[in-house]
Amino acid sequence: MQRRIRKVAVIGSGIMGGGIAALLASAGVEVLLLDIVPFNLTDDEKKDPKARNRMVQTGYDAALKSKPPLFMDKKADPALVSIGNLEDDFNKLADCDWIIEVVVENLKIKKELFKRIEGIRKPGTIVSSNTSGIPLKDMSADLSKEMRQHFLGTHFFNPVRYMHLLEVIKGAETLPEVLEFIANFGEVMLGKGIVWAKDTPNFVGNRIGIHGIGKAMQIMLEDGLTIPEVDAIFGAPMGRPKTAIFKTSDLVGLDTMSHVSTNTYDLCADDEERDTFIIPDFVKKMVENKQLGNKTKGGFYKKELTPEWKTIRKVINPVTGEYEEYGKADFPCLAAAKKAETPAEKMKAVVYGDDKGAKYAWKVQAAAFIYAANRVPEISDTIVDIDNAMKWGYNFEMGPFETWDAIGVKEAVAKMEKDGMKVPANVNKMLASGAKTFYKLEKGKKMFFDFASNKYKPMKKGAKAIVLADLRANKKVVKTCPSCSLINLGDGVFDLEFHSKMNAINKEMVDFMMEAGEYVLENGVGLVIGNQASGMPAPFSAGGDLAYMLSCAKAGNFTEINDFIADVHKGIMGTKYAPYPVVAAPYGLTLCGGCEVCMSADRIVANADLFMGLVEIGAGLVPGGCGMIHLWRNYIDSAPAIGKITDLAGLFIQAFMCVAQAKVSSSAADARNNGFLRASDRIVFNKDNLIGEAKKEVLKMVDDGYAPPKHKKLPAFGREAQGMIWAEMLNMKSGGYITPHMEFIAKKIAVCMAGGDVPQGTLVDEEHLMKLEREAFVDLWRTENTQKMAENIMKTGKPLFL
């Protein structure tokens, strides 16, 4: 049977259910979202369909209003979701191909629901639970064999759209083809990283994660550290998100964290670390007082406003239970980590230091190593799934075993033994075999150490996935500089990878791109422009090198800025008109120069989570890399025909507002709505497959007989645009909505996009438009306000409108 997912039912419209429904709809799947009929209806309301759907409507509305957005295209995706309740609409489950349960964590309620589903579902329909801890065997005990064969766990992480992890849990009788189908659907259609978990309490990610949080709290109280000190240590220096331990708990919610921890304690009677899951008294009291984190405006941390509207950041004192102001944590190990260059060197500086903070870090991290190793094969058969769960579900840069490799397995084990810690038997056995690391490269293949066979095995990866780090390790880099590299992807296709700070476009990269282009011309058939973050979310490119241009402006060297932008234009147009296909593969933050590089490519293969925009106005500038030219062309090309001036005006206003309002897309679908992506550009849900799909696109264009685009002039809106925009800007300035300098910048944008002082409809070439762009860009750098705005955004990351 050819299995397809055309319609999915999500039962439970809370935060998780609404998030799952939004993700499925964003992937183009029809969704039926169901919830209970409210208990407290009046007799009249019991006859009112709207009142009966009040619960599910509330959940649906919350998903629609969510920030950051859960739906990728708010114009189209919500229409794919229909709502109902578990009394009036239960029979609609018969039409569904997959039914996902996301109701309250109560075994009795879940069992009763599944028994009802069994009576209505069509044979072969997949049924899964999003439970975070209740055993599948208990939920499915009373079900028929046929339903148990199609029953499994699918544990999404919150927020569903943005967390890469999907744990797939096999039931005792789940058919292999069902597991394979859901894993493939989750990976390809929903963009998830699949971790195979066993039917054990809290599965993989939360079992390891909640142990780490519990141990960090336990040792913090024993060693007398403060909450900010713990977060400073277990943030960036240890390859973790800035939210670290306690800010992450505030994000998740102390009630949720406490529930998962208590659930683990109750269900894991034989766990050697069971006492770690006992909630500290001060946390219990916080939960009782509804100090639950961000959802209640106060948890471990909270913000207060003074009468002068100054924000004061406070943290709870575990001893007194009172909130106190706090300063920056200061340990010698943190200072050493800041000076270290690589993630491994930073981690070593922290865990192998001698100060109070370092000793604390070592105890917590060593306990995490030992606990993770002891969970194989209890919760997972391999170290790979444990590492992936922590990277994809908790945004760690490295999982526990990768971190162990980074600080040195042998050195860490020796320190454990010296400190009287019990080293896991499987790790001692591994070292006794002669293996020195958990991962290694062998004949160009990445291998992991398998505890069961006590030998290395090749790592599995998706058929479409290309890992740039593996290619670098296999010496496939053909050219490189500190800011970027050219990597051989095979089959004559090369990848231009950025690795400057925030992948910002700088002068070195501009020069290198031209050199790389010459190399591809002589040695290849096409180019991919794509990066891969090594763990925590990182931008595709956060823009341009403001520091370089600001230094030129401060020195009065405006000729150098002009020459730099001229080189940028040469590089951008060199990419656009290259005699070989170029495909950009952006993801995440793709702003300013990064956006402009992508728009010059023949095609864009974008990750679904794409936050793309030309936001230079926030730094006091106009786009300087032909972004306005390509955006205007995209709008012109999208129109069936340009007839009257009103047609041109409608398009111009849309394109102009994208730049003047610094619009950033909320997704790749939204980027297409904004004109940054064309109809021919592709959207890929799984970021891991992005480079592979981009390479495939290059080869397809080559196979189809690639010819570079022809030079075409563009119709200009001309001086008519100035009259229209000038009047609107004057109104906004008079009303106090914009400052005089913002008006000045907006007028520059209008002149550049409209083609200057020419009659409307005049056909202008790209050289003319680039000249306008260069002049506007340099003119703005001459102003004191733009220099102040650029300086501020470099310091704070936030725009300052002068």
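# A walk through the helices and loops

Leaving out neighbours within four places in sequence, Lys687 is in contact with Tyr587 and Asn607. Since this is a predicted model, take that as a computed contact. Lys687 sits in the loop between strand S23 (682-684) and helix H28 (690-703). With a relative accessibility of 31%, Lys687 counts as partly exposed, because the partly exposed class runs between 20% and 50%. For a sense of distance, pick Cys626: it is 61 residues away from Lys687 along the chain, and their C-alpha atoms are separated by 27 Å.

Right after Cys626 in the numbering comes Gly627, one of the buried residues of helix H25. H25 covers residues 627-638, twelve residues in all, and reaches 16 Å from its first C-alpha to its last, close to the 16 Å expected at 1.5 Å a residue. How many of the twelve residues of H25 are buried? Ten are, so H25 is largely enclosed by the rest of the structure. The buried set includes some polar-looking names, among them His630, Arg633 and Asn634, alongside Trp632 and Tyr635.

Helix H8 (residues 205-223) can be checked in the same way. At 1.5 Å a residue its 19 residues should span 27 Å, and the end C-alpha atoms are 27 Å apart, which agrees. H8 is also mostly covered, with 15 of its 19 residues buried. Just after the helix comes Gly224, whose phi is positive, near 75 degrees.

Now for how helices pack. Two packed helices are described by the angle between their axes and the distance between the axes. Take H8 with helix H16 (residues 383-394): their axes come within 9 Å and cross at roughly 75 degrees. That makes H8 roughly perpendicular to H16, because angles from 65 to 115 degrees fall in that class. On the H8 side, the residues involved are Gly205, Asn206, Ile208, Gly209 and Ile210, and they meet Ile386, Ala389, Met390 and Tyr394 in H16. Sorted by type, the residues of this contact are six nonpolar, three polar and no charged.

Go back along the chain from H16 and you reach a loop between helix H15 (356-374) and H16, which is where Pro377 is found. The peptide bond from Val376 to Pro377 is cis, with omega near 10 degrees. Another cis peptide bond joins Lys67 and Pro68, where omega is about -5 degrees. Pro68 is in a loop too, this one between helix H3 (54-65) and strand S3 (81-85).

Next come H18 (residues 409-418) and H19 (residues 425-432), which pack at an angle of about 130 degrees with their axes 12 Å apart. H18 and H19 are therefore oblique to each other. The crossing of H18 past H19 is left-handed. Val409, Val413 and Glu417 in H18 meet Val427, Asn428, Met430 and Leu431 in H19. That contact is made up of five nonpolar residues, one polar and one charged.

Helices H29 (719-734) and H30 (740-754) have Gly735 in the loop between them. How are these two helices oriented to each other? Their axes come within 10 Å and cross at roughly 165 degrees, and H29 and H30 are therefore roughly antiparallel. H29 passes H30 in a right-handed crossing. From H29, the contact takes in Ala721, Gln722, Ile725, Trp726, Met729, Leu730 and Lys733; from H30, Pro740, Glu743, Ala746, Lys747, Ala750, Val751 and Ala754. These divide into ten nonpolar, one polar and three charged. Gly735 itself is partly exposed, with a relative accessible area of 46%. Gly735 and Asp511 are 224 residues apart in sequence and 45 Å apart in space, C-alpha to C-alpha.

Ala790, in helix H32 (residues 784-796), tells another story about sequence and space. Ala790 and Ala619 are 171 residues apart in sequence, yet 4.6 Å apart from C-alpha to C-alpha. Setting aside residues up to four places away in sequence, Ala790 touches Leu546, Ala619 and Trp781. Is Ala790 buried or exposed? At 0% relative accessibility, Ala790 counts as buried.

Two lysines finish the tour. Lys297, in the loop between helix H12 (281-288) and strand S9 (301-305), has a positive phi of about 65 degrees although it is not a glycine. Lys475, in the loop between helix H20 (468-473) and strand S15 (477-480), also has a positive phi, near 60 degrees. Lys297 counts as exposed at 71% relative accessibility, and Lys475 counts as exposed at 74%.

Key
Residues numbered from 1 in each chain as written. Predicted model: local features only at pLDDT ≥ 70, side-chain atom pairs only at ≥ 80, totals over all residues. Heavy atoms only, no water. Helix = DSSP H or I, 4+ residues; strand = E, 2+ residues; numbered from the N terminus. Expected span 1.5 Å × (residues − 1). Buried < 20%, exposed > 50% of the residue type's maximum accessible area, 1.4 Å probe, protein only. Axes fitted to C-alpha atoms, helices over the stretch in contact; angles between N-to-C directions. Parallel < 35°, antiparallel > 145°, perpendicular 65-115°, else oblique. Left-handed = near helix turned anticlockwise from the far one by under 90°. Contact = heavy atoms within 4.5 Å. Nonpolar A, V, L, I, M, F, W, Y, C, P; charged D, E, K, R; others polar.
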